[in-house]
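Work through the two exercises below with the structure open. Try each task before you read its solution.

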Amino acid sequence: MTRDEITSGLAEILEEVAGVNPDDVAEGKSFTDDLDVDSLSMVEVVVAAEEKFGVKIPDNEVQNLKTVGDAVSYIEAQS
Amino acid sequence: MGHYQPSRVVTNDELAQLVDTNDEWIRDRVGIATRRIAGDETVADMATAAAGKALASSGLTAADIDLVVVATCTSVDRSPNVACRVAAKLGIAAPAAYDINTACSGFAYALGTADHAIRAGAARNAIVIGAEKLSDFTDWTDRSTCIIFGDGAGAAVVTAAAEGEPAGVGPVVWGSVPEKSDAVRIEGWRPYIAQEGQAVFRWATTALAPLALRACEQAGVDPSELAAFVPHQANARIIDGIAKRLNIPDAIIAKDIVESGNTSAASIPLALSKLVERREVPSGAPVLLFGFGGGLTYAGQVVRCP
């Protein structure tokens, strides 16, 4: 999967879980500051991402995923 | 059933004067509008009040009760236990009386042990109580926890079924996740409650629905038949997350958390008692109870609504 494909997959998840406009999702965006995803919604995003991309994202890793780009890199490295 | 809550209502706006928070944030993250906070009442006082009401509504008298089980994790006294104090105050002469501590899953555990005792012939008429005074263990300077908790108690009278009568309490599905022991803590001497919110949220919204469905299966009840789902009132978003995975659109989903906060082991009997009081669920209809919390522990069963 390319980074763009992972980003658009995350955009679908963010729209469903947290009502984020997919057009706003880009690698430089912060989940909390730019996309208004709160800490519990972030958990839902992570759970959905595990399923969608077939990766494992442990609890202690979630806090390191500050931006969409962080998540894309983590998923890219795992898959 | 019966329940008791302290008279003092604490609003989100009042908490906003203690810590940096606000009404909208609290409603959005945990779904709580108000909680009840005890004054002088002890865990035993609240347990006794709830149990007295449950006993009165059951039609039995103190002389009929031979088992008292109290689920609590916030009783300060080490001995006597809360069950003995309740029995003394209600004039129950010689019951088997014990407390159990499985934190927020306590009521479903206690109900399981009472059900087993009755099935084994070790008791005939039990009072099962969940009672908590979490305000004694709340750090009122910690905005991540002090907004969540409340005080209260709920109780149920559980009796042996008559010959040929269907069981009112289904098989308990219970267990724990010891490797996540640190996720919810009330540790040490004079402790405060602490928790890893994201880890608990993740576990609760992903691991529990299959276990709750197993409780339905063991009771021989299809989830679509459930009249109500009464989970531990931890967080409105956890409740919604579990309910979504159970796929029970027609069932009433208990949301007493809005007015009562998270009352740990008291939350299920409080919410169920209120549903019964408001006659929202027909007597005899299947209701799924599911407790979860510190330990991490969980327990749940299908009961027939009183």
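A polar contact is a pair of N or O atoms within 3.5 Å; within protein, one must be able to donate a hydrogen and the other to accept it, and residues adjacent in sequence count only if both atoms are side-chain atoms. This is a predicted model: local features need pLDDT of at least 70, side-chain atom pairs count only at pLDDT 80 or more, and totals for chains, interfaces and linings use all residues. Residues are numbered from 1 along each chain as written, chains are lettered from A and ligands numbered from 1 in the order written, and side-chain values use heavy atoms, without hydrogens and water.

**Exercise 1.** Find which residues of helix H4 (residues 82–90) of chain B are buried, and explain their placement.

*Solution.*
1. Start just before the helix. A side-chain oxygen of Asn81(B) comes within 3.3 Å of the backbone nitrogen of Ala83(B).
2. Pick out the buried residues (under 20% relative accessible area, 1.4 Å probe, protein chains only). They are Val82(B), Ala83(B), Val86(B) and Ala87(B).
3. Because these residues cover an arc of only 135° around the axis, they sit on the same side of H4(B). An α-helix has 3.6 residues a turn, so residues three or four places apart point the same way.
4. Look for the cover. It includes helix H3 (43–58) and strands S4 (67–71), S5 (96–100) and S6 (125–133) of chain B.
5. Finish after the helix. Gly91(B) follows H4(B) and has a positive phi, near 75°.

**Exercise 2.** Give the strand order of the five-stranded open sheet in chain B, and name its edges.

*Solution.*
1. The order is S8-S14-S13-S11-S12 (chain B), with mixed pairing.
2. The edge strands are S8 (173–176) and S12 (252–253) of chain B, each pairing on one side only.

Methods:
Buried < 20%, exposed > 50% of the residue type's maximum accessible area, 1.4 Å probe, protein only. Helix = DSSP H or I, 4+ residues; strand = E, 2+ residues; numbered from the N terminus. Arc of directions from axis to C-beta. Contact = heavy atoms within 4.5 Å. Pairing = 2+ DSSP bridges.
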